[in-house]
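Please open the model in your viewer and keep the selection panel at hand. The stops below move from one site to another, each with something to select.

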Amino acid sequence: MNRRERLERTFAGEETDRTPVALWRHFPGDDQRAADLARSTVEFQMTFDWDFTKLTPASAYSVIDYGVQDQWEGNTEGTRVYTKRAVSRSLDWTSLRTLDPQRGELAKALDSLRLVCEALNGEVPVLMTVFSPLAQAKHVAGNEAMLRDMRVHPDRLKSGLSVLTETTLRFIDAMRRLPVAGIFYAVQHASYGLMSEAEYREFGLPYDQRILDTLPDRFWFNMVHLHGNDPMFRLARELKVQAVNWHDRGTEPTLTQARLLFDGALCGGLATTEHVHLGTPSAIRDAARDAMGQMNGRRLILSAGCVAPVTTPLSNLRAARDVV
């Protein structure tokens with residue numbers, strides 16, 4: 001059974017030869033150059049033989065060309081620190097303009113994606129990380145300022161979200177020429193700790209649905225990532241994706257609960273910190289077997305709730321692959 005067959009049967013809840021597995025990580029420093037990011041991503045895939053590869057550019061890649069600046073300061077997740085925002089007052093949302101995906105940082109991301117696809121030659125499904133418009137708005141303005149404008153100047157924020165959505169659609173359209181499996185859609189604000197469900201249904205969900213509902217038909221594997229604690233998991237049913245990834249070991253719902261809330265594949269089973277980063281191969285194996293047991297061996301993609309930290313022991317990564 002090849003990777004695509006294994007994954008598609010997992011989406012459908014059918015029996016497979018084994019549980020599919022994948023972990024992903026940032027490559028700080030390497031994520032500043034297309035060829036370096038592609039090479040590091042491919043080498044990571046070739047070393048651990050995951051069932052799919054997720055290309056993980058620096059989180060600011062989609063907003064750098066609006067004027068955002070960032071720098072690497074050693075975070076173990078591999079994320080960079082924002083040193084300049086493009087929106088400093090609410091009126092700035094109305095000044096954002098749609099970007100050309102064939103230029104600047106977006107073009108660099110597409111170039112890296114092309115190199116990864118060429119190197120893996122269709123043998124490994126490739127997902128491109130795409131941030132939701134609301135997540136991009138956070139990157140553009142900072143989370144506190146974005147949330148304030150959402151509540152005080154909602155029309156101005158919506159103007160910016162519309163532009164960010166249009167740029168995202170153009171970026172995805174530029175991906176049509178590449179043999180990608182689909183996108184990893186990163187949602188960071190569908191969390192009860194950040195906003196109410198009514199607020200997300202107004203400022204997040206319509207833009208998410210517009211993007212996911214218009215994905216090319218040949219994108220056969222699309223995953224939504226619900227970041228953080230207390231996710232609005234029930235909204236996953238309203239998103240057109242094949243799989244959902246969240247921090248199932250650290251927040252509700254558990255895998256057992258989630259299997260009743262979403263009909264596709266559930267991506268998780270390993271705690272990013274407790275198991276992957278600070279755990280042992282034995283802890284990885286125990287958690288993986290527990291997750292597979294919760295799902296009765298079906299509809300599970302074994303993974304963590306977020307990126308593997310850059311200082312993760314290689315023996316832990318090997319254990320995650322070997323246990324399946």
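Begin by selecting Gly122, Val124, Pro125, Pro179 and Trp220, which, in this predicted model, lie nearest the centre of the second largest pocket, out of the 13 residues that line it. The volume of this second largest pocket is about 220 Å³, and its lining comprises eight nonpolar, two polar and three charged residues.

Move next to the largest pocket, which holds about 400 Å³ of space; of its 22 lining residues, the ones to select are His26, Ser59, Thr79, Phe131 and Gln188, the closest to its centre. If you colour by secondary structure, strand E3 (81-84), strand E4 (126-131), helix H4 (133-141) and strand E5 (182-187) can be picked out, each of which supplies at least two residues of the lining of the largest pocket. By class, that lining has eight nonpolar, nine polar and five charged residues.

From the open pockets, turn to the enclosed spaces, where a search of the whole structure finds five cavities of 30 Å³ or more. The largest cavity contains about 80 Å³ of space, and to display its lining you should select Asp31, Arg33, Ala34, Leu37, Pro57, Ala58, Tyr61, Glu105, Lys108, Ala109 and Ser112. Six of these lining residues are nonpolar, one is polar and four are charged. Which helix gives the most to the lining of the largest cavity? Helix H3 does, with four residues, while helix H2 (34-48) and helix H3 (104-120) each supply at least two.

Keep H2 selected and follow its axis: its 15 residues reach 22 Å from the first C-alpha to the last, close to the 21 Å expected at 1.5 Å a residue. The buried residues of H2 are Ala34, Leu37, Ala38, Ser40, Thr41, Val42, Phe44, Gln45 and Phe48, and they pack against helix H1 (3-12), strand E1 (53-55), H3 and helix H12 (314-322). Just after H2, select Asp49, which takes a positive phi of about 55°.

The last stop is the largest nonpolar core, in which, among 115 residues, Met175, Phe221 and Ile301 touch the most other members. Helix H6 (residues 154-174) contributes the largest share of this core, eight residues. Centre the view on Ile301 and show its contacts, leaving aside residues up to four places away in sequence: Ile301 touches Leu7, Thr10, Phe11, Pro20, Phe52, Phe221, Met223, Ala243, Ala265, Leu266, Cys267 and Gly268. In soluble globular proteins, nonpolar side chains tend to be buried together.

Notes: Residues numbered from 1 in each chain as written. Predicted model: local features only at pLDDT ≥ 70, side-chain atom pairs only at ≥ 80, totals over all residues. Heavy atoms only, no water. 1 Å grid on protein atoms, 1.4 Å probe; cavity = no way out; pocket = protein on both sides within 12 Å on 5 of 7 lines; lining within 4 Å. Points joined across faces, edges and corners; volume = space filled by probe spheres on them. Nonpolar A, V, L, I, M, F, W, Y, C, P; charged D, E, K, R; others polar. Core = buried A, V, L, I, M, F, W, Y, C linked by side-chain atoms within 4.5 Å. Buried < 20%, exposed > 50% of the residue type's maximum accessible area, 1.4 Å probe, protein only. Contact = heavy atoms within 4.5 Å. Expected span 1.5 Å × (residues − 1).
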